[in-house]
Amino acid sequence: MSALQIEGLSKSFGGLRVTTDVSLAVQPGERRLIIGPNGAGKTTLFNLITGELRPDGGRIVLFGRDVTHVPARRRAHLGMARTYQIITLFPRDTILRNIILALLGLSPLRWNAFVDLGAQRDLAERASAALARIGLDHIADRPLAQTSYGERRRVEIAMALAQNPKVLLLDEPFAGLSVDERRDVQKLLLAIPREVTVVMIEHNMDVALDLADHITLLHFGKVIVQGTRAEVVADPRTREVYLGF
Amino acid sequence: MSVASPQRVGTAAAVLVLASLPVWVGNSYYVNIASQILLWAILALALNILVGYAGLTSLGHAGLFAMAGYTAAMLLGAGHNHLVSDVVAIVVTLATTAVFAVLALRATGIGFLMITLAIGQIQWGIAYRWVGLTNGDNGIVVSTRPAPLSISLAGAGAFYLATLIVFLTAVATMAVFARSPFGAALRGTRDQARRMTALGYNVWLIRFLAILFSGFWSGVAGLLFIYYNQFISPQVVSLTTSAEALLMVISGGSGTLMGPIVGAAIVVVMKNVASAYIERWNLVLGVIFILIISFMPEGLVPGSARLCRAAWRRLPWGQSPTIDDPAGSMRGGLTSRRMREHAP
Amino acid sequence: MTLWLTLAVNSIALGGLLFLLSSGFSLIFGLMRIPNLMHGSFFMLGAYLGVTLLAKGVNFWLAALASAAAMAVIGGLIERFLLRRLAGEQLAQVLLTLGFAFIVGDVCLMLWTGDPWQPATPDHLRGVVKMAGLHFPLYRLVIVIVAVLIAVGLWLLIDWTRVGAMIRAGVDDPAIARVVGIKVSRLFTLVFALGAALAAFGGVMGAPYLSVYPGLDFEILPLALIVVILGGTGSLLGALVGSFLIGAVYNFGQAMLPDLAYVILFLPMLLILVLRPQGLFGRVVS
């Protein structure tokens with residue numbers, strides 16, 4: 001059984017077809033890289049997978065369960081987590097509180113309007129542990145406004161990882177990072193246990209390629225090439241998509 | 001937090017001062033103003049649940065406030081006792097709030113504002129035109145105040161203390177709410193609704209429940225209002241009233257508990273003072289709105305603090321200029337300027 | 001039968017006035033993304049100005065145009081010096097217009113007192129028209145004709161001129177429009193002024209029919225809101241269709257359920273919000 005299986009997924013906005021008949025199957029523990037030029041429909045694909053967008057046709061199957069019509073908020077409870085291209089953290093909170101909010105999303109405690117969130121030791125410890133795993137526990141109490149861009153990128157990823165997802169969708173995790181920051185994120189990604197299946201969109205080939213087992217190349221919303229890293233890199237169509245010849 | 005922490009001592013002192021107010025303020029006129037401040041502060045706090053914590057600005061809260069008031073007034077006029085009238089009024093207000101929420105949540109931001117404005121106007125239209133039901137412009141008189149535990153609330157002092165008890169209860173529930181996981185989730189939907197959905201939260205339901213909570217206390221404030229004035233008329237349901245409530249929240253500062261309370265005090269005092277000298281309160285209201293929004297959008301409490309800090313820094317013995325902290329509540333969020341400032 | 005025909009004519013007359021009011025509102029909302037809460041104020045203040053000029057013997061059309069011009073100036077100044085300072089913060093801008101609405105309301109009360117003012121229909125527009133064996137006030141038909149003429153004029157402006165193309169671009173995507181070189185800020189001022197002018201013109205035209213009185217501003221503002229929500233923001237066709245629909249709902253509702261006529265107006269809006277939030281002709285705004 002695949003971790004994530006997409007069958008014939010399509011989406012149009014008015015007359016514009018952004019996703020056309022996309023099919024792919026990601027195996028448990030796999031590292032899948034999704035590449036393609038700008039406007040290829042990569043983020044749209046992610047939005048379809050997470051349920052933020054409703055597909056016009058096709059199926060999304062998560063560990064054998066058809067989630068095509070499951071609302072987006074429930075997919076997190078089924079083991080799907082994602083990060084965003086533009087950092088979407090909670091700007092008025094500390095780093096630790098950001099992670100706590102991520103943990104709270106899956107907890108029935110989120111409906112509790114009586115207890116003091118600050119007094120929930122269990123949540124705070126789990127959040128600290130999640131930060132320690134990515135080496136950011138030393139700034140746990142810092143307000144988000146006082147952190148660097150690179151630190152925020154890592155917090156993004158930590159937030160998603162804190163929920164112990166089965167499938168992790170990373171949307172351009174290296175965007176806007178300096179060389180040093182990229183190394184930090186790369187280390188983080190390499191350290192993700194194989195229990196977590198990772199699907200990643202990235203432009204930055206020098207860091208991303210090393211992480212990938214399989215690659216899917218999208219162009220104009222269609223799958224052009226798909227296969228192992230070696231296969232896709234060698235395929236002439238890959239060069240054609242990027243260089244035009 | 002130790003038993004005698006500064007926060008707790010301060011709160012206890014404040015409560016003592018407030019509770020003893022009728023004693024050290026001799027004149028019942030001022031005691032009545034204090035009662036007004038408290039009851040409007042409850043409405044402002046209720047509105048702030050949405051404006052400050054949920055990030056949803058409503059211009060229709062006068063409708064929820066007045067719903068409770070009118071329902072109770074009509075039931076009292078029909079001969080029912082206070083307890084029944086008040087309970088039914090709150091239930092009816094909650095039902096109305098639920099409908100209000102379902103309609104208003106079809107949108108967020110400006111759309112939400114417009115829908116709440118429209119709903120508020122519908123309620124005003126009913127109050128004003130359905131004379132058979134609401135007595136129209138003539139309003140409804142509420143002949144007696146309730147007498148809980150056989151204590152008469154006819155006097156200014158007694159009514160003030162009853163209002164204070166309700167007010168403190170409201171503040172306590174809101175403080176608990178703000179600190180709770182649900183409160184944090186609500187603020188999360190304000191800051192990153194999309195992310196919240198991806199994290200597993202039911203954003204619509206969270207907002208819906210928050211609106212109900214806000215509607216409840218708006219209704220309670222409405223009940224205090226009719227008992228204070230012993231009268232209700234369509235004027236209460238007007239857009240002006242909703243705007244005044246919003247002004248209280250904005251002027252004091254949304255997103256904190258003290259802000260709406262301070263804002264309510266400012267607006268009530270100004271209204272009472274102004275009406276002695278100026279006939280045109282709306283004009284003053286409008287000017288203040290514009291001034292605050294243009295120059296101190298985060299509210300007087302945070303804004304004054306900011307100006308004080310900035311002024312202090314400019315003095316020769318102040319600190320050297322630091323990176324300014326721009327206005328928080330209304331214009332908050334990660335800005336590219338901040339990101340550049342903190343780049344490694 | 002006579003009743004229905006009369007109601008029908010009154011409906012389209014009111015519809016015409018509502019179009020004059022809501023076309024500006026729709027343009028402002030479509031381009032600047034804010035519901036202009038002082039739009040009713042422009043309508044009322046424009047009406048007061050026009051009626052004052054009329055009382056001094058000025059020609060009706062001149063009075064209407066002068067009033068429109070005055071409102072355009074006021075609107076332009078407000079946009080340029082106050083709204084523009086808050087560029088990008090729609091909520092703050094909306095509340096600013098609300099503040100001005102309160103100010104204008106009280107200023108009008110101070111200048112023109114609380115008595116309602118209903119100018120007589122201008123001489124050359126008085127009289128009745130015979131249609132299908134019935135008599136209809138000429139003035140009501142004139143309102144409709146003027147509204148249609150303005151609708152055509154606006155359509156020509158939006159669809160056929162360069163300025164109109166810039167407005168359409170600004171409505172579609174202000175960020176890209178700026179990148180392409182369109183001075184969106186100046187467009188904002190222009191559109192806000194134009195909206196104010198249209199509202200004022202409508203106010204003067206409506207004065208012999210609706211009269212002018214304190215409170216007209218906040219009574220008529222929700223109507224603009226309803227029309228635009230019903231018809232879809234940024235759509236002039238939507239404003240046109242919505243105006244006539246609401247005019248009909250109001251008149252027929254008034255005849256059948258006088259107590260609740262005002263409330264009935266909101267029902268189509270609520271229905272649309274529940275069933276089709278982008279309005280009859282609007283686009284889904286993300």
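Chain C comes out with an average pLDDT of 86, and 96% of its residues score at least 70; pLDDT is the predictor's confidence in each residue, on a scale from 0 to 100. The model as a whole scores ipTM 0.91 and pTM 0.87. This is a predicted model, so to speak of local features takes a pLDDT of at least 70, side-chain atom pairs count only at pLDDT 80 or more, and totals for chains, interfaces and linings use all residues. Residues are numbered from 1 along each chain as its sequence is written, while chains are lettered from A and ligands numbered from 1 in the order in which they are written.

Chain B holds 16 helices and two strands; helices (H or I, at least four residues) and strands (E, at least two) are DSSP runs numbered from the N terminus. Its domain assignment splits off domain 1 (18–295) and domain 2 (306–341), with bounds taken from an automatic or database domain assignment. The C-alpha centres of these two domains of chain B sit 33 Å apart. Of the 344 residues in chain B, 49% count as buried, meaning that 20 or more other C-beta atoms lie within 10 Å of the residue's own (12 or fewer is exposed, in between is partly exposed, and C-beta atoms are placed from the backbone). Take the contacts in chain B with a separation of 6 or more, and 75% of them join residues 24 or more positions apart; a contact here is two C-beta atoms, placed from the backbone, within 7 Å.

Chain B meets chain C through 32 residues of chain B and 37 residues of chain C. On the chain B side, α6 (109–129), α12 (239–252) and α14 (281–295) each give two or more residues, and α6(B) has the largest share, with eleven. That side of chain B breaks down into 21 nonpolar, seven polar and four charged residues. For these classes, Ala, Val, Leu, Ile, Met, Phe, Trp, Tyr, Cys and Pro go down as nonpolar, Asp, Glu, Lys and Arg as charged, and the others, Gly among them, as polar.

Between chains A and B, 31 residues of chain A touch 28 residues of chain B. In chain A, α2 (72–77), α3 (95–104) and α5 (149–162) each put in at least two residues, with α2(A) giving the most, four. The chain A side has 16 nonpolar, ten polar and five charged residues.

Chain A also has an open, mixed sheet of six strands, ordered β6-β7-β8-β3-β9-β10; two strands pair if DSSP finds at least two bridges between them. At the edges stand β6 (80–82) and β10 (222–228) of chain A, each with a single partner strand, so one side of each lacks a neighbour in the sheet. From one strand to the next, the twist averages 15 degrees; axes are lines fitted to C-alpha atoms, for helices over the stretch in contact, and angles between N-to-C directions run from 0 to 180 degrees. Strand β9 (residues 214–219) of chain A runs antiparallel to β10(A), over six bridges, and A:Leu217 faces A:Val225 in β10(A). Helix α9 (residues 236–243) of chain A packs on the sheet against β9 and β10 of chain A, its direction at about 135 degrees to that of β10(A).

In strand β8 (residues 197–201) of chain A sits A:Met200, which counts as buried because it has 21 C-beta neighbours inside 10 Å. Beyond its neighbours within four places in sequence, A:Met200 contacts A:Leu33, A:Ile34, A:Leu170, A:Pro173, A:Ala208 and A:Leu211. A:Ile34 is 166 residues away from A:Met200 in sequence, yet 5.9 Å away in space, C-alpha to C-alpha.
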